[in-house]
Amino acid sequence: MIVPVRLGTRGYSIVVEPGALATVGAHLRQLGVGSRTALFSDDAIMRLHGKTVEDSLHAAGLSVTRIDLPE
């Protein structure tokens, strides 16, 4: 399911579905956002989900820069 957040020109959509992290790259590619991404996360979340998200972004042809945040 895609949930629109209507904020005028600053609006965006939230993807809510099983396995969404594994499809984030494909969703971004469909939006035509460009070829570079930044992944902001702390170590605990990165250990749990980082590889899934990074693999998805790379599979969509996007370069990834990781930005590690404190917990």
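These notes cover strand pairing and the largest pocket in a predicted model.

1. Start with the antiparallel pair. Strand β1 (residues 2–5) is joined to β2 (12–15) by 4 bridges, and the two strands run antiparallel. To find the pairing in the structure, look for V3, which stands opposite I14 in β2.

2. The turn between these strands deserves a look. The hairpin of β1 and β2 has 6 residues between the strands, and among them G8 takes a positive phi near 65 degrees.

3. A parallel pair lies further along the chain. Here β3 (36–42) and strand β4 (residues 63–69) are joined by 7 bridges and run parallel. L39 stands opposite R66 in β4. Between the two strands the chain passes through α2, and this β-α-β crossover is right-handed.

4. Next, the largest pocket. Its volume is about 480 Å³. The lining has 22 residues, and those closest to the pocket centre are V15, A20, V24, H27 and L28.

5. Which elements each supply at least two residues of the lining of the largest pocket? They are β2, α1 (24–31), β3 and α2 (43–59). Of these, α2 gives the most, with 6 residues. The helix α2 therefore appears twice in these notes: in the right-handed crossover from β3 to β4, and in the lining of the largest pocket.

6. Last, the make-up of the lining by class. In the largest pocket, 15 lining residues are nonpolar and 7 are polar, while none is charged.

Key:
Residues numbered from 1 in each chain as written. Predicted model: local features only at pLDDT ≥ 70, side-chain atom pairs only at ≥ 80, totals over all residues. Heavy atoms only, no water. 1 Å grid on protein atoms, 1.4 Å probe; cavity = no way out; pocket = protein on both sides within 12 Å on 5 of 7 lines; lining within 4 Å. Points joined across faces, edges and corners; volume = space filled by probe spheres on them. Nonpolar A, V, L, I, M, F, W, Y, C, P; charged D, E, K, R; others polar. Pairing = 2+ DSSP bridges. Right-handed = clockwise from strand over helix to strand, strands pointing away.
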